[in-house]
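Here is a short report on one protein chain. It starts with charged side chains and then turns to the helices and the loop.

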Amino acid sequence: MLRDLRELYMKASGVSVDWEMLAQAAQGIKHTDLLEVCQRCHPDTLRQMRWANGKLKEASTQAIVS
């Protein structure tokens, strides 16, 4: 389970970086529609990262204490 959670966190982190780069490019070329999509979708990715991070902390503690 820890491996799966770690993989999920790592993938979400990569997607977060992708949103950041895409938003920067959209700003650079003044593509407001694309920038709006990035601003709307990136928070969901950040929420997934926070969730996976919390579950990792929880599962790690349980695995070590058990």
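## Salt bridges and helices

There are three salt bridges. The model is predicted. The table gives each pair with its N to O distance.

| Pair | N to O distance | Helix |
|---|---|---|
| K11 and E7 | 3.1 Å | α1 |
| R47 and D44 | 2.3 Å | α2 |
| K55 and E58 | 3.9 Å | α2 |

Sequence spacing comes next. K11 and E7 are four residues apart in α1, so about one helical turn separates them. R47 and D44 sit three residues apart in α2, which again means about one helical turn. K55 and E58 are also three residues apart in α2, about one turn of the helix. An α-helix has 3.6 residues a turn, so residues three or four places apart point the same way.

How exposed are these side chains? K11 counts as exposed because its relative accessibility is 53%, and the cut-off is over 50%. Its partner E7 is at 41% and counts as partly exposed. In the second pair, R47 is partly exposed at 45%. D44 is partly exposed too, at 36%. In the third pair, K55 has a relative accessible area of 28% and is partly exposed. E58 reaches 40% and falls in the partly exposed class.

**Helix α2**

The helix α2 covers residues 32-65. What end-to-end span should its 34 residues give at 1.5 Å a residue? The expected span is 50 Å, and the end C-alpha atoms are 50 Å apart, so the two values agree. The helix does bend, by about 25 degrees at C41. A proline, P43, follows within four residues of that bend.

Which residues of α2 are buried? They are L35, C38, H42, T45, M49, A52, L56 and A59. To count as buried, a residue must have under 20% relative accessible area. The cover over these buried residues includes α1. The salt-bridge residues of α2 fall in another class: R47, D44, K55 and E58 are each partly exposed.

**The loop at K30**

K30 lies in the loop between α1 (2-28) and α2 (32-65). Is K30 buried or exposed? Its relative accessibility is 71%, so K30 counts as exposed. The backbone of K30 also deserves a look. Its phi is near 55 degrees, a positive value in a residue other than glycine.

Methods
Residues are numbered from 1 along each chain as its sequence is written. This is a predicted model: local features need pLDDT of at least 70, side-chain atom pairs count only at pLDDT 80 or more; totals for chains, interfaces and linings use all residues. Side-chain values use heavy atoms; hydrogens and water are left out. Helices (H or I, at least four residues) and strands (E, at least two) are DSSP runs, numbered from the N terminus. Buried means under 20% relative accessible area, exposed over 50%, partly exposed in between (1.4 Å probe, protein chains only). The expected span of a helix is 1.5 Å times one less than its number of residues. The bend at a residue is the angle between axes fitted to the seven residues ending there and the seven starting there. Contact means heavy atoms within 4.5 Å. A salt bridge is a side-chain nitrogen of Lys or Arg within 4 Å of a carboxyl oxygen of Asp or Glu.
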